[in-house]
Amino acid sequence: MPKHILSGLKYLAVIELRKLAFSTYDVAEILKMDRSTVSHYIHDRNLSSNSIEVAKVILDLCPQDSFKMIYSLCQDKHLTFTILKYCLNNPKITIKNTCIGCGVCVDACIMDALEIINLNSKVNLDFCCGCLLCSENCPTNSIEILEVE
Ligand code: SF4
Ligand code: SF4
C-alpha cells in the first residue's frame, strides 16, 4: 500500500506539472519516473482512485506532517520537496530584523533552505517546503510564514 500511496502523490504532482506545461519527458525527469508511467497518469490509466484520495489527504495535512509522511514513503528528501513544491502553494517567509543570527533555524531546517549571512538568517525559497520547523524553533520569533496552503 505505501507504494500505491506514493504513486498517488506522484500522480497529483504529474497533473500539476502538466498544468505548468512541462513535457512528459521533463515530468519524468523531475519526478524520477519512467515516461510510460507519466503518460499513463496523464491519461488517467493504471492508478486506483483510492491511492489518489489518500494522497490528497496527506497533502491536506500541515506541511510539516505532509513532509514527514511523504519522506517516510519515499526516503528521498529531494523527491519529497518536489512533490510538495508542485502540489502546494509556495510559502512566503519573512525574517524580521529581530533575528540574532543564532543559527537554530538553520539546524532545524529539513531542506537546507536557510543560511546565516552577516548574522542574519536568509531563506532560499527554491528549497523551502513550508514545514514551519524554523519558525517553531526560533528563540526570538523572528520568522513569519506568511502563506502556506
Ligand atoms: S533561529 Fe531565529 S534568531 Fe536564530 S538565526 Fe534563525 S531567525 Fe535568526
Ligand atoms: S519552513 Fe523553514 S524549516 Fe521548513 S523548509 Fe522552509 S525554511 Fe526550512
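This report walks through the fold, one helix pair, one proline and the two ligand sites of a predicted model.

## Overall fold

Let's start with the whole chain. Eight helices and four strands make up the secondary structure of the protein chain. Following the sequence, these elements come in the order α-α-α-α-α-α-β-α-β-β-α-β.

Taken along the principal axes, the C-alpha atoms fill a box of roughly 50 × 25 × 25 Å. The protein chain has 149 residues, and 34% of them count as buried. Among the contacts with a separation of 6 or more, 61% are accounted for by residues 24 or more positions apart.

## Helix 1 against helix 6

Now to a pair of helices. Helix 1 spans residues 2–19 and helix 6 spans residues 77–87; their axes come within 9 Å and cross at roughly 50°. An angle of 35 to 65 degrees falls in the oblique class, and so helix 1 is oblique to helix 6. The handedness of this crossing is left-handed.

Which residues make the contact? On the helix 1 side they are Leu9, Leu12, Ala13, Glu16 and Leu17, and they meet Thr82, Ile83, Tyr86 and Cys87 of helix 6. Sorted by class, the residues of this contact are seven nonpolar, one polar and one charged.

## Pro63 and its distant partner

Helix 5, which covers residues 63–74, includes Pro63. This proline counts as buried because 20 C-beta neighbours lie inside 10 Å, and 20 is the number at which a residue qualifies as buried.

Pro63 is also worth a look for its link across the sequence. Pro63 and Cys131 are 68 residues apart in sequence, yet their C-alpha atoms are 4.8 Å apart in space. Cys131 turns up again at one of the ligands, where it is among the closest residues to ligand 2.

## The two ligand sites

Around ligand 1 there are 13 residues, of which Cys99, Cys102, Val104, Cys105 and Cys138 come nearest. The shell around ligand 1 divides into eight nonpolar and five polar residues, with no charged ones.

Ligand 2 is surrounded by 14 residues, and the closest are Cys109, Met111, Cys128, Cys131 and Cys134. How does the shell around ligand 2 divide by class, and how many of its residues are charged? It holds 13 nonpolar residues and one polar residue, and no charged residues.

Methods: Residues numbered from 1 in each chain as written. Chains lettered and ligands numbered in written order. Predicted model: local features only at pLDDT ≥ 70, side-chain atom pairs only at ≥ 80, totals over all residues. Axes fitted to C-alpha atoms, helices over the stretch in contact; angles between N-to-C directions. Helix = DSSP H or I, 4+ residues; strand = E, 2+ residues; numbered from the N terminus. Parallel < 35°, antiparallel > 145°, perpendicular 65-115°, else oblique. Left-handed = near helix turned anticlockwise from the far one by under 90°. Contact = placed C-beta atoms within 7 Å. Nonpolar A, V, L, I, M, F, W, Y, C, P; charged D, E, K, R; others polar. Near = placed C-beta within 6 Å. Buried ≥ 20, exposed ≤ 12 C-beta atoms within 10 Å, placed from the backbone.
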